[in-house]
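The following exercises concern the structure displayed below. Each task is followed by a solution that proceeds step by step.

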Amino acid sequence: MDCIFCKIVAGEIPSDIIYQDEEAIAFRDIEPKAPVHLLIIPRKHIPSLADLTEAESSLVAHMVNIANQLAAKEGISASGYRLVINCGEQGGQLVPHLHMHLLGGRHLSGALG
Ligand code: AMP
C-alpha cells in the first residue's frame, strides 16, 4: 500500500519517532506549525476519522491519552495545547491515514478555519 504513514510505521522511511506501543506511534511533523508539533497515528491503516468503526473508536481515546502524556513530556501541559484531526478533503486532510496533530509551545490563533 502506497501510504507514507504506513511506511513510517514499517520503518521504511525515516521519521523522528518519539513514542510507540502496540497500537500507535508518535513522531515529529516534518513541517512543524508550532514549536511542538507531533503526529499521533494508529499502526493500523484507517484512511480517515470517517472510516473509523465503532469497534475501533477506543483507538482515538488511546491517541488522546498518548497526546496528553507527550504534552507533559514536552512541557506544554500548563501552557496549553491543541489536538486536531483533519478529516477528508474539505476538512484539510492531506495524508489519508488517520492522525492527530498535537500543537503547542506558542499562542495558537483562535481561528479554526
Ligand atoms: P493533514 O493535513 O492533517 O493530513 O496533515 C498531514 C501532516 O503530515 C502535515 O502536517 C505534514 O507536514 C505531515 N507530514 C507529511 N509527511 C510527513 C513525514 N514524512 N514525516 C512527518 N510528517 C509528515
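**Exercise 1. The second largest pocket**

Task: Identify the residues that line the second largest pocket, then state its volume and the classes of its lining.

Solution. Step 1: the lining consists of K33, R82, V84, L103, R106, L108, S109, A111, L112 and G113. The underlying search uses a 1 Å grid over the protein atoms alone; a pocket is an open set of points where a 1.4 Å probe fits, with protein on both sides within 12 Å along at least five of seven lines, and lining residues have an atom within 4 Å of a point.

Step 2: this second largest pocket holds about 240 Å³ of space. Here a volume is the space filled by probe spheres set on the points, and grid points are joined across faces, edges and corners.

Step 3: five nonpolar, two polar and three charged residues make up the lining of the second largest pocket. In this scheme Ala, Val, Leu, Ile, Met, Phe, Trp, Tyr, Cys and Pro are nonpolar, Asp, Glu, Lys and Arg are charged, and the others, Gly among them, are polar.

The model is predicted: local features require pLDDT of at least 70 and side-chain atom pairs pLDDT 80 or more, whereas totals for chains, interfaces and linings use all residues. Residues are numbered from 1 along each chain as its sequence is written, and side-chain values use heavy atoms, with hydrogens and water left out.

**Exercise 2. The largest pocket**

Task: Describe the volume of the largest pocket and the makeup of its lining.

Solution. Step 1: about 560 Å³ of space lies in the largest pocket. Step 2: its lining numbers 23 residues, and F5, D29, I30, L39 and V95 are the closest to the centre. Step 3: α1, β2, β3 and β5 each contribute at least two lining residues, and α1 gives the most, with three. These elements are DSSP runs numbered from the N terminus, helices being H or I with at least four residues and strands E with at least two. Step 4: by class, the lining of the largest pocket comprises twelve nonpolar, six polar and five charged residues.

**Exercise 3. Salt bridges**

Task: Count the salt bridges and determine which residues are joined into one network.

Solution. Step 1: a salt bridge requires a side-chain nitrogen of Lys or Arg within 4 Å of a carboxyl oxygen of Asp or Glu. By this rule there are four salt bridges.

Step 2: D16 and R28 form one of them, with closest N and O atoms 3.6 Å apart. D16 lies in the loop between α1 (4–9) and β1 (17–20) and R28 in strand β2 (residues 24–28), so this pair ties together parts twelve residues apart in sequence.

Step 3: R28 also pairs with E74, the closest N and O atoms being 2.9 Å apart. Because E74 lies in the loop between α2 (58–73) and β4 (81–84) and R28 in strand β2, the pair ties together parts 46 residues apart in sequence.

Step 4: K44 and E56 meet in a salt bridge at 2.5 Å, N to O. Both K44 and E56 are in the loop between β3 (36–42) and α2, twelve residues apart. E56 is buried at 16% relative accessible area, whereas K44 is partly exposed at 48%; buried means under 20%, exposed over 50% and partly exposed in between, with a 1.4 Å probe and protein chains only.

Step 5: through shared partners, D16, R28 and E74 join into one network.

**Exercise 4. The largest nonpolar core**

Task: Which residues of the largest nonpolar core touch the most other members, and which element gives the most to this core?

Solution. Step 1: a nonpolar core is a set of buried Ala, Val, Leu, Ile, Met, Phe, Trp, Tyr and Cys residues joined through side-chain atoms within 4.5 Å. Step 2: the largest core has 17 residues, of which I40, L70, M100 and L102 touch the most other members. Step 3: β2, β3, α2 and β5 (100–104) each supply at least two residues, and α2 gives the most, with seven.

Step 4: excluding residues up to four places away in sequence, L70 touches I18, Y19, A26, L38, I40 and L102, contact being heavy atoms within 4.5 Å. Step 5: another core, of nine residues, lies apart and includes C3, C6, I25 and L39.
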